[in-house]
Amino acid sequence: MVNNKKYIPVIVTLLFSMLFINSAFAKQTSINVGPKVGDKAPALTVTDATKSVVNIADLTAEKGLIILFFRSADWCPFCKRHLIEFNEYADKFKALGYGVAAISYDSTDILNGFSKAHQLTYPLLSDQAAATVKAYGILNKDYQMGDNNYGIPYPGVVIINPAGTIFHKYFFEGYRKRVNFVDLYQQLSTIK
């Protein structure tokens with residue numbers, strides 16, 4: 001007899017993903033980049049404010065981890081505004097049982113300055129060699145090696161469950177469209 005219990009997390013992951021696609025972001029179009037829902041999340045190759053290496057397990061809370069990938073806290077006004085909006089929901093996401101973090105190619109000095117100036121309550125992580133962005137398959141192809149903006153990701157969100165599996169992702173091709181945190185919070189708050 002086959003043990004069907006091992007398939008329950010996969011089924012829940014797929015249903016959860018369909019719920020997100022069909023409701024919270026129905027008005028926005030996600031591009032098909034990055035790992036597939038249900039795949040094991042690629043490792044992080046990032047450093048925190050103290051220049052210490054951080055991994056998924058360090059950031060994951062009871063229900064998982066929300067990672068916001070963004071272009072730059074230095075020169076991108078859309079990213080700056082989105083990071084501040086994310087901060088308004090960070091404690092709410094944490095109260096739901098999720099860890100929260102944001103990743104860009106910015107140096108730790110730039111990220112620390114922005115974080116302190118805006119009193120962020122979640123870590124901004126530096127992916128200087130773009131290793132994480134490449135591992136996730138979200139490297140923006142508009143920029144080539146040697147360009148000033150090489151290493152930026154398509155802006156978006158990945159949610160990883162406690163087992164380290166991607167159970168939601170949403171990315172945008174342009175730099176103006178972003179994940180709506182009100183919708184994301186409402187969807188996550190319905191999960192038991």
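**Lys-51 and its loop**

I began with Lys-51, which is exposed at a relative accessible area of 54%. For my own use I noted the scale: exposed means over 50% relative accessible area, buried under 20%, and partly exposed in between, with a 1.4 Å probe and protein chains only. I should say here that this is a predicted model, where local features need pLDDT of at least 70, side-chain atom pairs count only at pLDDT 80 or more, and totals for chains, interfaces and linings use all residues. Residues are numbered from 1 along each chain as its sequence is written, and side-chain values use heavy atoms, with hydrogens and water left out.

Where does Lys-51 lie? I found Lys-51 in the loop between strand S1 (46–47) and strand S2 (53–54). Helices (H or I, at least four residues) and strands (E, at least two) are DSSP runs, numbered from the N terminus. The phi of Lys-51 is near 65°, a positive value in a residue other than glycine. I jotted down the background: most residues other than glycine have a negative phi.

**Another positive phi, Ala-130**

Next I looked up Ala-130, whose phi is positive too, about 60°, although Ala-130 is not a glycine. This residue sits in the loop between strand S5 (124–126) and helix H5 (131–135). Is Ala-130 buried or exposed? Ala-130 is buried, with a relative accessible area of 2%.

**The chain as a whole**

I then stepped back to the whole chain, which has 6 helices and 7 strands. From the N terminus on, the order of elements is α-β-β-α-β-α-β-α-β-α-β-β-α. Of the 192 residues in the chain, 48% are buried. I also checked contacts (heavy atoms within 4.5 Å). Among those between residues at least 6 apart in sequence, 69% join residues at least 24 apart.

**Thr-47 in S1**

Back in strand S1, I looked at Thr-47. Thr-47 is partly exposed, with a relative accessible area of 22%. Leaving out residues up to four places away in sequence, Thr-47 touches Ser-52, Val-53, Thr-108, Leu-124, Leu-125 and Ser-126. The C-alpha atoms of Thr-47 and Thr-108 are separated by 7.5 Å, although their positions lie 61 residues apart along the chain as the count of places apart.

**Helix H4**

Thr-108 led me to helix H4 (residues 108–117), where Thr-108, Leu-111, Asn-112, Phe-114 and Ser-115 are buried. These residues are on the same side of H4, because they cover an arc of only 165° around the axis. The arc is that of the directions from the helix axis to the C-beta atoms. On the other side of H4, I found Asp-109, Lys-116 and Ala-117 exposed. The cover over the buried residues of H4 includes S1, H3, strand S4 (98–104) and S5. After H4 comes Gln-119, with a positive phi near 50°.

**Val-157 in S6**

I moved on to Val-157 in strand S6 (residues 156–160). Val-157 is buried, with a relative accessible area of 1%. Not counting residues up to four places away in sequence, Val-157 touches several residues, among them Ile-66, Ile-67, Leu-68, Phe-171 and Leu-184. The C-alpha atoms of Val-157 and Phe-171 are 6.5 Å apart, with 14 residues of separation along the chain.

**Helix H6**

Leu-184 took me to helix H6 (residues 181–189), whose buried residues are Phe-181, Leu-184, Gln-187 and Leu-188. They are on the same side of H6, because their arc around the axis is only 125°. A general note helped me here: an α-helix has 3.6 residues a turn, so residues three or four places apart point the same way. At the start of H6, a side-chain oxygen of Asn-180 reaches to within 2.9 Å of the backbone nitrogen of Val-182.

**H3 against H6**

How do helix H3 (residues 77–96) and H6 pack? Their axes are 10 Å apart, at an angle of about 10°. Axes are lines fitted to C-alpha atoms, for helices over the stretch in contact, and angles run from 0 to 180 degrees between N-to-C directions. H3 and H6 are therefore roughly parallel to each other, a term for angles under 35 degrees. The contact includes His-82, Phe-86 and Tyr-89 of H3 and Phe-181, Leu-184 and Leu-188 of H6. I noted that the contact residues divide into 9 nonpolar, 2 polar and 2 charged. Here Ala, Val, Leu, Ile, Met, Phe, Trp, Tyr, Cys and Pro count as nonpolar, Asp, Glu, Lys and Arg as charged, and the others, Gly among them, as polar.

Methods. A polar contact is a pair of N or O atoms within 3.5 Å; within protein, one must be able to donate a hydrogen and the other to accept it, and residues adjacent in sequence count only if both atoms are side-chain atoms. Angles under 35 degrees count as roughly parallel, over 145 as roughly antiparallel, 65 to 115 as roughly perpendicular and the rest as oblique.
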